[in-house]
Amino acid sequence: MELNLQRQTNGSEPWHAWYRYPRIGLALVYYNYHNPVLDRSYAATAYISKSLFRTPRQELNFRLGTGVAYFTNPFDLETNHKNSIVSSRLNATMQMRFEYDVSVAEQLGLLVGLGLNHYSNGATTKPNFGINLPTVYLGVNYHQQRPFVPAVDASNAMPTDIGRDFFNVSTSVGFKQRSPVDLRKYLVQSVSVLGGRRVSRKSNVLVGLEGFYDRSLIPQLRDTARTTDNLPDVKKAGVVLGHELLFGRLAFVTHLGFYFYNPYKSNTFYYERLGLKYHFTDRIFGAVDLKVHRGAADVLEFKAGMKFNR
């Protein structure tokens with residue numbers, strides 16, 4: 001079951017018009033898995049819903065959101081060792097779906113949808129296979145205003161920094177567990193220096209260098225090495241290419257990186273990153289990123305940084 005509270009953007013910010021006046025909302029999601037190993041989950045997800053097709057009586061929307069989830073029966077080595085899917089009570093969640101809404105009354109709409117809900121703790125605790133739930137939705141929508149009429153038309157507004165370069169300097173911390181048996185949380189740190197350019201109203205592109213220090217690799221290396229003499233360095237460095245999809249002060253971040261310094265080859269030569277970045281001021285930003293190796297979560301990064309305009 002799911003309860004949604006959403007608000008229609010009205011054009012008060014220029015990006016509202018650039019994305020055809022999306023809705024922003026909060027979803028409260030409940031699942032009963034009818035399985036004693038998994039039991040139940042509760043989640044709160046903030047989302048944005050973009051209109052793909054809209055008339056006074058019907059609309060087709062694509063929705064993307066992220067948030068936190070609570071599971072009632074996670075993995076426990078003694079009491080619930082069969083739950084290899086969810087190992088912590090708190091997890092991150094990602095939600096995406098297509099929704100079709102057709103009017104059945106002046107302010108009432110019938111809703112059908114097809115979506116995917118994903119739950120994972122980003123390898124903070126193991127085991128961490130995570131859950132992917134393809135879902136069919138049926139529901140009702142109450143619209144305070146229908147049809148929608150924007151209060152302000154800012155579709156022609158252009159940002160003043162298009163075509164300008166900038167530099168981002170940031171650092172991050174994260175924690176990860178090596179295995180279900182080793183319960184210690186190992187510190188993972190990174191630093192990055194990225195140069196970027198705003199290429200359009202919606203997009204930044206970036207390129208730069210990053211360095212990583214994953215302390216969980218030290219005991220992993222010692223466990224697998226035949227001798228403790230002259231062990232390779234566990235630190236890593238890479239070059240990264242990135243894109244930021246902009247929603248005012250908020251950005252959806254995607255990165256693809258390649259290690260050029262990787263003495264201890266504990267993973268693939270490349271990595272991906274998905275995240276959310278928010279500018280608290282024009283200069284200071286924070287981000288929450290998920291670093292991934294070939295589709296498997298590596299670490300959840302909590303990042304802080306500064307932006308310098310050229």
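Is Tyr259 buried or exposed? Tyr259 is buried, because its relative accessible area is 11%, under the 20% cut-off. The model behind this value is predicted.

## Overall build

The chain holds two helices and 15 strands. Its C-alpha atoms fill a box of roughly 75 × 55 × 25 Å along the principal axes. Of the 310 residues, 43% are buried. The accessible surface comes to about 17000 Å². Carbon and sulfur atoms account for 62% of that surface. Among contacts with a separation of 6 or more, 56% join residues 24 or more positions apart.

## Aromatic pairs

The structure holds 14 aromatic pairs. One of them joins Trp15 and Tyr19. Their ring centres are 6.3 Å apart, and the planes meet at 70 degrees, so this pair is edge-to-face. Trp15 is buried, with a relative accessible area of 13%. Tyr19 is buried too, at 5%.

Tyr259 and Tyr271 form a tilted pair. Here the centres are 5.0 Å apart and the planes stand at 40 degrees. Tyr259 lies in strand β12 (residues 250-261), while Tyr271 lies in strand β13. The two residues are twelve apart, and the pair links distant parts of the chain. Tyr271 is buried, at 0% relative accessibility.

A further group is a cluster. Tyr31, Tyr33, Phe71 and Tyr119 form one aromatic cluster.

## Lys277, a buried lysine

Lys277 sits in strand β13. Its relative accessibility is 5%, so Lys277 counts as buried. What does the side chain of Lys277 make a polar contact with? The partner is the side chain of Glu244, at 2.8 Å. Glu244 is also in the list of residues that Lys277 touches, leaving aside those up to four places away in sequence. That list further includes Asn168, Arg249, Leu250, Ala251 and Val253. Phe285, Gly286 and Ala287 complete it.

## A nonpolar surface patch

A nonpolar patch of about 860 Å² lies on the surface. Its members are Phe167, Val169, Val193, Leu250, Leu276, Tyr278, Phe280, Ile284, Met306 and Phe308. Which elements give two or more residues to the nonpolar patch? They are β8 (165-176), β13 (270-279) and β15 (296-309).

Ile284 belongs to this patch. Its place is in strand β14 (residues 284-293). With a relative accessibility of 43%, Ile284 counts as partly exposed, because the value falls between the 20% and 50% cut-offs. Leu250 is both a patch member and one of the residues touched by Lys277.

## Helix α2 and its cover

Helix α2 spans residues 217-224. Its buried residues are Leu217, Pro219 and Leu221. What covers them includes three strands: β9 (186-198), β10 (203-214) and β11 (236-247).

## Backbone exceptions

Most residues other than glycine have a negative phi, and most peptide bonds are trans. This model has exceptions to examine.

Two residues other than glycine with a positive phi are set out below.

| Residue | Phi | Location | Relative accessibility |
|---|---|---|---|
| Tyr21 | near 55 degrees | loop between α1 (14-18) and β2 (23-32) | 11%, buried |
| His34 | about 50 degrees | loop between β2 and β3 (40-54) | 72%, exposed |

Both sit in loops, but their settings differ in cover. Tyr21 is buried, because 11% is under the 20% cut-off. His34 is exposed, because 72% is over the 50% cut-off.

Where does a cis peptide bond occur? One joins Lys126 and Pro127, with omega at about 5 degrees. Pro127 is placed in the loop between β6 (108-120) and β7 (131-142).

How values were computed
Residues are numbered from 1 along each chain as its sequence is written. This is a predicted model: local features need pLDDT of at least 70, side-chain atom pairs count only at pLDDT 80 or more; totals for chains, interfaces and linings use all residues. Side-chain values use heavy atoms; hydrogens and water are left out. Patches are made of residues with over 30% relative accessible area and no salt bridge: like charges are joined within 9 Å, nonpolar side chains (Val, Leu, Ile, Met, Phe, Trp, Tyr) within 5 Å. Accessible areas come from the Shrake-Rupley method with a 1.4 Å probe; for residues, only the protein chains shown count as cover. A salt bridge is a side-chain nitrogen of Lys or Arg within 4 Å of a carboxyl oxygen of Asp or Glu. Helices (H or I, at least four residues) and strands (E, at least two) are DSSP runs, numbered from the N terminus. Buried means under 20% relative accessible area, exposed over 50%, partly exposed in between (1.4 Å probe, protein chains only). A polar contact is a pair of N or O atoms within 3.5 Å; within protein, one must be able to donate a hydrogen and the other to accept it, and residues adjacent in sequence count only if both atoms are side-chain atoms. Contact means heavy atoms within 4.5 Å. Rings of Phe, Tyr and Trp (its six-membered ring) pair if their centres lie within 6.5 Å; planes under 30 degrees apart count as stacked, over 60 as edge-to-face and the rest as tilted.
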